[in-house]
Structures are given as structure tokens and as C-alpha cells.
Amino acid sequence: MLISGAREAGGGRRGPAETAAGLRATCPVCSPSQQSGPSLPDLCLDGKKKRMEEQWWKGELAADIHQTLRTKELKLPVYKAHSPQIGMRRYFIDLLTVFSNRCNLCPTARHLAIYLLDLFMDRYDTTVKQLHIISFACLLLASKFEEKEDKVPKLEHLNNLAYMCNVNVVLNKKDLLRMEMLLLENFNWNLCLPTPAHYIDYYLYVSIGENDLHNGWPITSLTKIKDFLEKYAYYFLDFSVQDHTFLYFRPSLIAAACVCASRICMQISPAWTTQLELLTCYSWEHLAQCIEMMLIYYENDIKEASNIKKQVTIQHQEQDAVGNVSHQATTQVLFQQSSYHPLAQHSATLSQFQSPVQDLCSAYRDSLQPHRPSSLLAGSADSSLHSCAALQASLRPSAQALPIQMPIALQVALGTEPKDYISTAYGSSYFSGHHSYAAGCFDG
């Protein structure tokens with residue numbers, strides 16, 4: 001792997017092979033003179049690997065690792081914001097964020113990839129197509145440095161993601177290797193570049209104390225408060241990479257400001273404790289400017305979300321107003337006589353059909369719920385058949401008394417939209433009707 005070569009040439013951390021060889025030579029269990037079976041070196045290495053994979057900010061070496069990171073950040077390159085393509089920076093950061101989320105990369109890998117891209121863009125003037133390849137190479141290098149080998153994105157996966165994001169670039173292994181070599185030479189084969197993501201978990205581990213107050217009251221559940229605070233901190237951490245002006249602050253200061261801004265938003269007092277000041281070596285005066293920038297972004301984000309919510313509310317109100325107007329349509333019951341002439345002689349007898357129709361309306365009024373059109377649509381077929389049977393039973397005696405051989409057409413016409421109609425047909429040898437009605441039209 002290129003990272004192994006980078007560590008060898010850069011004189012930095014040793015590669016996995018060198019680390020294993022050193023452990024075997026120094027460990028009294030794994031040394032050649034003490035080996036009694038092939039399983040002992042594996043057991044020792046597995047134990048060492050397990051300890052290394054634990055969350056470092058909870059381990060015994062947390063303070064030493066933090067001090068090493070603070071020492072290395074003093075030697076970080078100076079960012080000058082001289083890139084001619086700085087206007088496209090936000091696009092490429094969003095692209096790297098989407099790719100890293102799709103590949104399930106850790107936050108440190110994502111932030112390192114963005115930082116490598118920022119430094120390279122600050123030094124060189126490249127085309128947009130080259131910037132796409134450079135951004136992918138930065139993501140690969142960062143994932144190889146921060147992640148396990150099985151989590152490093154594959155070339156095929158990157159090409160699929162590029163196609164999904166409408167990136168008109170097809171990557172090949174040769175171009176990526178060349179770009180990786182170019183990046184490694186540009187950074188002097190040193191990828192140990194601390195970012196705010198490297199500090200945030202260490203600071204969050206002691207972000208809440210037992211003496212802290214929430215809205216002026218003692219905290220009853222430290223675990224829940226820490227979970228919410230962590231979400232706020234990563235929210236501000238994502239904000240810090242979107243604006244290049246945050247690159248003028250030290251990474252450790254940005255991480256500390258994320259924690260402090262989160263405590264302010266959650267109304268935890270005091271905003272900055274003595275324990276956090278001793279751990280981060282930053283006082284309130286050091287963090288004030290960075291925190292102010294973060295809170296400004298936070299307020300703008302809240303305003304934008306509030307405006308979107310208002311627009312959605314207005315749209316729903318307009319839709320409800322249109323729906324109320326449509327439900328106020330007048331119901332008209334129209335009787336249309338057949339073309340059979342003898343029916344004109346039985347106008348008095350036809351008035352007997354008004355009672356069953358009124359009963360039908362009352363039955364549907366009782367079965368419907370007010371202002372719920374979908375309830376009628378979800379009605380069972382059994383209730384419809386029951387109403388049909390009752391209607392036929394009430395109409396059959398009156399119909400048999402009439403010397404009628406042709407059906408009577410009954411229509412209930414409503415002035416509503418066709419899509420809200422529910423049509424049900426009733427038929428028998430003496431009575432045939434087709435009723436078109438809208439849900440909620442019989443509500444009192």
C-alpha cells in the first residue's frame with residue numbers, strides 16, 4: 001500500500017510488518033527464545049491489536065496522544081486561501097461528504113480528506129476535471145490512513161458513486177495511483193495532519209460535569225445530556241468545514257469551540273468550565289471569536305428552517321381552505337322519470353320513494369365521520385351490501401304496487417370534483433339507481 005511506503009520514506013509511524021516484527025522481538029512471550037507454539041505470537045498480537053482499536057480518548061494514553069496531536073498541529077502548513085477555484089470549494093466538500101457517508105467512513109477520514117484538498121487547492125491551479133480526480137485521491141489517502149483496510153473504498157464503488165452524483169469522470173487505477181503519488185510528494189509523505197475531528201471525542205468525554213446546570217436546574221441524566229451535546233458538537237463540526245475562514249483557527253481550538261457552542265445552545269451553565277479549560281488549554285477569551293462565528297451560522301440555519309416551516313404551513317392552510325370550499329357544495333336530489341308515458345299518471349305514488357332516499361341519506365350520515373373523506377373510501381363491502389339490502393327491502397313493496405315495467409333512474413348529483421366521487425349501483429327487477437356522492441357531503 002502507498003501508506004506503508006509513505007510511513008517508511010517519511011520516517012514516521014512504522015508499517016504493520018515492522019510493528020509486528022518489533023513486537024515479536026521485544027515481547028517476552030513472542031520472542032524466539034520463548035516461543036513454544038505458533039499460537040502465542042497470534043495471541044499477543046491480537047491482544048495488542050484489540051488494545052489499539054479501543055477508543056483512545058478513554059484509554060490510559062489519552063493525555064499523551066492529545067499532547068502529540070497538539071504538538072503536530074503547530075507544524076501544520078499555513079492556509080492562505082489563494083486558490084483560483086475557491087468558489088468551487090463548497091461543491092467539492094459536499095461531494096466528499098456524500099462519498100464518505102456512502103462508504104461509511106469515520107469523521108476523521110472525511111475531515112482529513114477535506115483538509116488535504118484544501119491544502120492542495122491552495123498551492124496549485126488545476127482544472128475542474130483534475131479537481132475531481134484529486135478529491136477522490138484525497139479521500140482514498142485519508143481512508144487508508146485513518147480506516148481499516150477492509151473499509152477503504154474500492155475503485156468500482158467510487159465510479160458508481162460518481163455516476164450517481166452526475167460527475168462526468170471515470171476513474172481508473174493508473175490515474176489514481178499517479179495522483180496519490182503526487183499528493184504524497186506534495187505533503188512530504190506526511191499525512192499525520194490533525195483536524196478538529198481528531199480532538200472532538202476527547203473533549204466530549206469530559207464535556208458534562210456533575211455540577212453543571214441545565215436551564216438552572218441540576219442535570220438528572222448525564223447520559224442523555226451527553227448524547228444531545230454530542231449531536232450538537234458534530235453539527236458545529238460539520239459547519240466548520242463548510243467555510244474556509246475556520247482554517248485560520250487551530251484544529252484543537254475549533255473542536256473546543258464546538259463543545260462550548262453546544263453547551264450554550266443547550267443552555268448548560270457555566271458555558272465553559274474549569275475542567276474543560278484545563279483539558280483544552282483554552283480559556284473563554286481564546287474561544288470567543290470562533291464561537292461567535294458558529295452561533296451566527298446556527299442562528300441563520302434556525303431562521304432558514306423557520307422560513308421553510310412557515311412556507312409549508314401556508315401551503316397546508318391554502319390546501320385546507322380549498323378543501324373546505326369544495327366540501328360546501330350543495331347536494332341536489334334529482335328525479336328523472338323514464339320515457340314511459342304511464343308514469344306521468346302516478347306522480348302521487350312516486351312521492352313514496354322520497355322516504356327511502358331520506359333514510360339512505362340518514363344511514364350514510366350516521367356511518368360517516370365528519371371531515372374524514374377517507375373513512376368512506378375505507379368502508380367495508382358488507383356495510384354497503386347491508387344498506388343495499390335494506391333499501392331493496394323498503395322499496396320492493398311500493399314498487400310491486402305500481403304497474404311499472406321499466407326501471408326508474410335515481411341520481412344524487414353533487415357539485416364536487418370527480419376524483420372525490422364514490423359511485424355505487426343498486427339494481428333489482430323493479431328498481432335501479434346510480435348514486436354519485438362525495439365523502440362528507442351528508443355531514444350535518
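Helices, which are H or I runs of at least four residues, and strands, which are E runs of at least two, are taken from DSSP and numbered from the N terminus. The model shown in these views is a predicted one.

**View 1. The whole chain, with its 18 helices and seven strands.** Of the 444 residues in the chain, 39% are buried. Among contacts between residues at least 6 apart in sequence, 73% join residues at least 24 apart. The chain exposes about 26,100 Å², of which carbon and sulfur atoms supply 54%.

**View 2. Backbone on either side of β3, with Q267 and the peptide bond from S269 to P270.** Most residues other than glycine have a negative phi, and most peptide bonds are trans. Q267, in the loop between α12 (251-265) and β3, has a positive phi of about 60° although it is not a glycine. The peptide bond that runs from S269 to P270 is cis, with omega near -5°, and P270 itself belongs to the loop between β3 (268-269) and α13 (274-280).

**View 3. The loop around A81, a residue with positive phi.** A81 is not a glycine, yet its phi is positive, at about 60°. This residue is placed in the loop that links α4 (62-73) with α5 (89-102). Because its relative accessibility is 22%, and the partly exposed class begins where the buried class, under 20%, ends, A81 counts as partly exposed.

**View 4. The second largest pocket, holding about 380 Å³ of space.** Rolling a probe the size of a water molecule over the atoms shows where empty space is left. The lining of the second largest pocket consists of 23 residues, and those nearest its centre are L76, Y115, L247, F249 and P251. Two or more lining residues come from each of α6 (107-123), α11 (222-242) and α12, with α6 giving the most, at four residues. By residue class, the lining of the second largest pocket divides into 16 nonpolar, three polar and four charged residues.

**View 5. Two buried cysteines, C138 and C192.** C138 has a relative accessible area of 0% and is therefore buried. C192, at 17% relative accessibility, also counts as buried, because the class takes in values under 20%. With a disulfide taken as a pair of cysteine sulfur atoms within 2.5 Å, the count comes to zero disulfides.

Methods: Residues are numbered from 1 along each chain as its sequence is written. This is a predicted model: local features need pLDDT of at least 70, side-chain atom pairs count only at pLDDT 80 or more; totals for chains, interfaces and linings use all residues. Side-chain values use heavy atoms; hydrogens and water are left out. Buried means under 20% relative accessible area, exposed over 50%, partly exposed in between (1.4 Å probe, protein chains only). On a 1 Å grid over the protein atoms alone, a cavity is a set of points where a 1.4 Å probe fits but cannot get out, and a pocket is an open set with protein on both sides within 12 Å along at least five of seven lines; lining residues have an atom within 4 Å of a point. Grid points are joined across faces, edges and corners, and a volume is the space filled by probe spheres set on the points. Ala, Val, Leu, Ile, Met, Phe, Trp, Tyr, Cys and Pro count as nonpolar, Asp, Glu, Lys and Arg as charged, and the others, Gly among them, as polar. Contact means heavy atoms within 4.5 Å. Accessible areas come from the Shrake-Rupley method with a 1.4 Å probe; for residues, only the protein chains shown count as cover.
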